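Work through the exercises below with the structure open beside you. Try each task before you read its solution.

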Amino acid sequence: NYGSADVTQVVISDPVPFFADVVLGAYNGNDILWRDAGGNDHQLTAAADGDEGELDSGLVKVHAETTLQPGAGGEVCYRVELR
């Protein structure tokens, strides 16, 4: 968050390139790795199953922070295999 105020309901969306496929199970059997603003790692599935991660129609989506304070950040990682 580069701003000077809190950001709420943070959702990170990233389109998977058309020439690549997400490698499922790449993180100890899970599909997406999210490191939150506190530095905690969350291994997520790509299914719409109640955790914060989802892969839908070529879009990786992570429902990240409820509130992200100024200067805070995290990261989302997923692996792809080129076709």
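Accessible areas come from the Shrake-Rupley method with a 1.4 Å probe. The model used here is predicted.

**Exercise 1. The chain as a whole**

Describe the protein chain by its elements, its extent and its surface.

Solution.

Step 1. Count the elements: the protein chain has 10 strands and 0 helices. Read from the N terminus, the order is β-β-β-β-β-β-β-β-β-β.

Step 2. Take the extent along the principal axes: the C-alpha trace spans about 40 × 25 × 20 Å.

Step 3. Turn to the surface. The protein chain exposes about 5,300 Å², and carbon and sulfur atoms supply 48% of that area. Of the 83 residues, 28% are buried.

Step 4. Look at the contacts between residues at least 6 apart in sequence: 64% of them join residues at least 24 apart.

**Exercise 2. An open sheet**

Find the order of the strands in the open sheet of 3 strands, and state which strands stand at its edges.

Solution.

Step 1. The order is β2-β7-β6, with antiparallel pairing.

Step 2. β2 (11-15) and β6 (53-56) each have a single partner strand, so they are the edges, and one side of each has no neighbour in the sheet. On average, neighbouring strands of this sheet are turned by 15° against each other, direction ignored.

Step 3. Check the pairs. β2 and β7 are joined over 5 bridges, and β6 and β7 over 4 bridges.

Step 4. Name some of the facing residues. Serine 13 is opposite lysine 61 in β7, and proline 15 is opposite leucine 59 in β7. Aspartate 56 has leucine 59 in β7 as its bridge partner.

Step 5. Inspect the hairpin of β6 and β7. There are 2 residues between its strands, and serine 57 takes a positive phi near 50°.

**Exercise 3. Two faces of β7**

Which side chains of β7 are buried, and which are not?

Solution.

Step 1. Recall the general pattern: in a regular strand, side chains alternate between the two faces of the sheet.

Step 2. Apply the pattern to β7. Val60 and Val62 point to one face and are buried. Leu59, Lys61 and His63 point to the other face and are not buried.

**Exercise 4. The nonpolar core**

Which residues make up the largest nonpolar core, and which elements give two or more residues to it?

Solution.

Step 1. List the 12 residues: Val10, Val16, Ala20, Val22, Ile32, Trp34, Leu44, Val60, Val62, Ala64, Leu68 and Tyr78.

Step 2. Assign them to elements. Those that give two or more residues are β3 (20-22), β4 (32-35) and β7 (59-63).

Step 3. Follow one member outward. Leaving aside neighbours within four places in sequence, valine 16 is in contact with Val22, Leu55, Gly58, Val60, Tyr78 and Val80.

**Exercise 5. Leucine 33**

Is leucine 33 buried or exposed?

Solution.

Step 1. Locate the residue: leucine 33 is in strand β4.

Step 2. Compare its value with the cut-off. Buried means under 20% relative accessible area. Leucine 33 is at 15% relative accessibility, so leucine 33 counts as buried.

Step 3. List what surrounds leucine 33. Not counting residues up to four places away in sequence, leucine 33 touches Tyr27, Asp41, His42, Gln43, Glu75, Val76 and Cys77.

Step 4. Add a distance: the C-alpha atoms of leucine 33 and glycine 53 are separated by 8.8 Å, while the two residues lie 20 residues apart along the chain.

**Exercise 6. Salt bridges**

How many salt bridges are there, and which residues are linked in a network?

Solution.

Step 1. Recall that side chains of opposite charge can pair when their charged atoms come close. The count here is 3 salt bridges.

Step 2. Take the pair of aspartate 21 and arginine 83, at 2.9 Å from N to O. Aspartate 21 is in strand β3 and arginine 83 is in the segment after β10 (80-82), 62 residues apart. Aspartate 21 is partly exposed at 36% relative accessible area, whereas arginine 83 is exposed at 66%.

Step 3. Take arginine 35. Its side chain meets that of aspartate 41 at 2.7 Å, N to O, and that of glutamate 75 at 2.7 Å, N to O. Arginine 35 in strand β4 and glutamate 75 in strand β9 (residues 75-77) are 40 residues apart.

Step 4. Join the pairs: Arg35, Asp41 and Glu75 are linked in a network of salt bridges.

Step 5. Classify the members of the network. Arginine 35 is partly exposed at 31%, aspartate 41 is partly exposed at 43%, and glutamate 75 is partly exposed at 35%.

Technical notes: Residues numbered from 1 in each chain as written. Predicted model: local features only at pLDDT ≥ 70, side-chain atom pairs only at ≥ 80, totals over all residues. Heavy atoms only, no water. Core = buried A, V, L, I, M, F, W, Y, C linked by side-chain atoms within 4.5 Å. Buried < 20%, exposed > 50% of the residue type's maximum accessible area, 1.4 Å probe, protein only. Contact = heavy atoms within 4.5 Å. Pairing = 2+ DSSP bridges. Axes fitted to C-alpha atoms, helices over the stretch in contact; angles between N-to-C directions. Salt bridge = Lys/Arg side-chain N within 4 Å of Asp/Glu carboxyl O.
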